[in-house]
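Reader: Hello! I'd love a close look at a single part of this model, with its surroundings, and I'm happy to follow you outward from there. Could you walk me through it?

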Amino acid sequence: MTAPENTGAEVLRPHAEVTFAHELTALAAADDRPRPERWKLSPWAVAMYLQGGALPDGTVITPKYVGPRRIVEVAVSTLATDRALLLLGVPGTAKTWVSEHLAAAVSGDSTLLVQGTAGTPEEAVRYGWNYAQLLAHGPSRDALVPSPVMRAMADGMTARVEELTRIPADVQDTLITILSEKTLPIPELGQETQAVRGFNLIATANDRDRGVNELSSALRRRFNTVVLPLPATAEAEVDIVSRRVDQIGRSLDLPAAPEGLDEIRRVVTVFRELRGGVTDDGRTKVKSPSGTLSTAEAISVVTNGLALAAHFGDGVLRPADVAAGLLGAVVRDPAADRVIWQEYLETVVRERDGWQGFYRACREVSV
């Protein structure tokens, strides 16, 4: 793989294998367990990289995924077999994040990526052509432009396909031969590329996209499906949001927000109650808006609030800093969602002890 042009601190979002290179190096040095061929780490070490822990030399491995350990173990063990992995879940359940970190830990390279959209062509999954070479010399290996999947097959690496169900069905089905026969035919050259040991594929799909381009039964059988759930408890979700906001804030040179945990708890509480249709104490039913109100959106709301506090406030994250972001996250349908939000403010937030400042801030941006 060609090294990226920018590898220094100016990169806005370094790849996982760059950001956490020190952790991956420390894990590799301490890892004495069997590794599948061409894996950088053993399955045990890959799981530790995702879930966090401490090495004998004192190196702390930060958790990348906060959730049931068994989910991570099943995902990692799937990649050690000849079956591909499908990470399924509602928006904001860290499917892409987990996919990237799995590829970084297994292959040391998370960049062999196909981004699924309604316009993703077959060439993005199979191969394309350098048309100048093709016209000048005809079909040849030199004129062929391999896709990320083809490169992963040839090098024994992990390929990633994001938003698989957004890819047109006929393009999806080009994966069937790749995943079942571990080969990619090149009929124009009378050749094929066969996958070498170490190759596998991680796909992600949003289970709210059912009916967009559903997977054929033939393709679905080629995957082991792992469902990533929403955080089970409010504390777990607060922990996830706090960690990611801290990481993003440091990458953007935003100052740490003292006393910001209270506002994070409020944002997470609001999201969980509106998402679940009931208050935390189970006493009051509330209507759910049309949006997903995912953990990823909570991270975005708090990060935006942190920027407001840093640049236009006193550096302390306050209710007014998160109120506008909350409104934008909740009110996706201006007619129906606005009524739901105002009803929630008046029946739940207004009556909650210690939330008066939060209530006033939300009311000010909602009128």
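Author: Gladly! Let's take helix α3 as our part. Helix α3 is mostly covered, with seven of its nine residues buried. Please keep in mind that this is a predicted model. The buried residues of α3 are Ala45, Val46, Ala47, Met48, Tyr49, Leu50 and Gln51. What do they pack against? Their partners are the helices α1, α2, α4 (69-79) and α5 (95-107), together with the strands β1 (53-54) and β2 (60-61). Just after the helix, Gly52 takes a positive phi of about 90°.

Tyr49 deserves a moment of its own. A pair of aromatic rings is described by the distance of the centres and the angle of the planes. For Phe20 and Tyr49, those values are 6.4 Å centre to centre and 80° between the planes, an edge-to-face pair. The pair links distant parts of the chain, 29 residues apart: Tyr49 belongs to helix α3 (residues 43-51), while Phe20 lies in the loop between α1 (16-19) and α2 (21-30). Are these two residues buried or exposed? Both Phe20 and Tyr49 are buried. Phe20 has a further partner in Lys64, whose charged end sits over the Phe20 ring at 4.8 Å from the centre.

The pair of Phe20 and Tyr49 has counterparts elsewhere, as the count comes to four aromatic pairs. One of them joins Trp355 and Phe358, again edge-to-face, at 5.2 Å centre to centre and 75° between the planes. Trp355 and Phe358 are both buried. Here, too, a charged residue comes into the picture: Arg352 lies over the face of Trp355, 4.8 Å from the ring centre.

Back to the neighbours of α3, and to helix α5 among them. Glu100 is found in α5. Does a charged side chain here count as buried or exposed? Glu100 counts as buried because its relative accessibility is 5%, and the cut-off for buried is under 20%. Setting aside residues within four places in sequence, Glu100 is in contact with Arg13, His15, Ala16, Ser110 and Arg160.

The loop that leads into α5 has a backbone detail you may like. Most residues other than glycine have a negative phi. Ala94 is not a glycine, yet has a positive phi of about 75°. Ala94 is placed in the loop between β3 (84-89) and α5, and counts as partly exposed at 27% relative accessibility. Lys182 can be set beside Ala94, with a positive phi of about 55° although it is not a glycine either. The place of Lys182 is the loop between α9 (174-181) and β8 (183-186). With a relative accessible area of 21%, Lys182 is partly exposed.

From β8 we can go on to two more loop residues. Pro187 sits in the loop between β8 and β9 (191-194). Why does Pro187 count as exposed? Its relative accessibility is 59%, and exposed means over 50%. Apart from residues up to four places away in sequence, Pro187 touches Arg126 and Tyr127. Val125 is located in the loop between β4 (113-115) and β5 (127-129). Val125 is buried, with a relative accessible area of 2%. Leaving out its neighbours within four places in sequence, Val125 is in contact with Val114, Ser147, Val149, Val171, Thr174, Leu175, Ile178 and Leu184.

For a sense of scale, Val125 and Arg265 are 42 Å apart in space, C-alpha to C-alpha, and 140 residues apart in sequence.

One last stop is a pair of helices. How do α12 and α13 cross? The axes of helix α12 (residues 261-276) and helix α13 (residues 295-312) come within 10 Å and cross at roughly 145°. The crossing of α12 past α13 is right-handed. On the α12 side, the contact is made by Ile264, Val267, Phe271 and Arg275, and on the α13 side by Thr295, Glu297, Ala298, Val301 and Val302. Sorted by class, this contact has six nonpolar residues, one polar and two charged. An α-helix has 3.6 residues a turn, so residues three or four places apart point the same way. You can look for that spacing in Ile264, Val267, Phe271 and Arg275, the residues that α12 brings to the contact.

Technical notes:
Residues numbered from 1 in each chain as written. Predicted model: local features only at pLDDT ≥ 70, side-chain atom pairs only at ≥ 80, totals over all residues. Heavy atoms only, no water. Axes fitted to C-alpha atoms, helices over the stretch in contact; angles between N-to-C directions. Helix = DSSP H or I, 4+ residues; strand = E, 2+ residues; numbered from the N terminus. Left-handed = near helix turned anticlockwise from the far one by under 90°. Contact = heavy atoms within 4.5 Å. Nonpolar A, V, L, I, M, F, W, Y, C, P; charged D, E, K, R; others polar. Phe/Tyr/Trp six-rings, centres within 6.5 Å; stacked < 30°, edge-to-face > 60°. Buried < 20%, exposed > 50% of the residue type's maximum accessible area, 1.4 Å probe, protein only. Lys NZ or Arg CZ within 6 Å of the ring centre and 35° of its normal.
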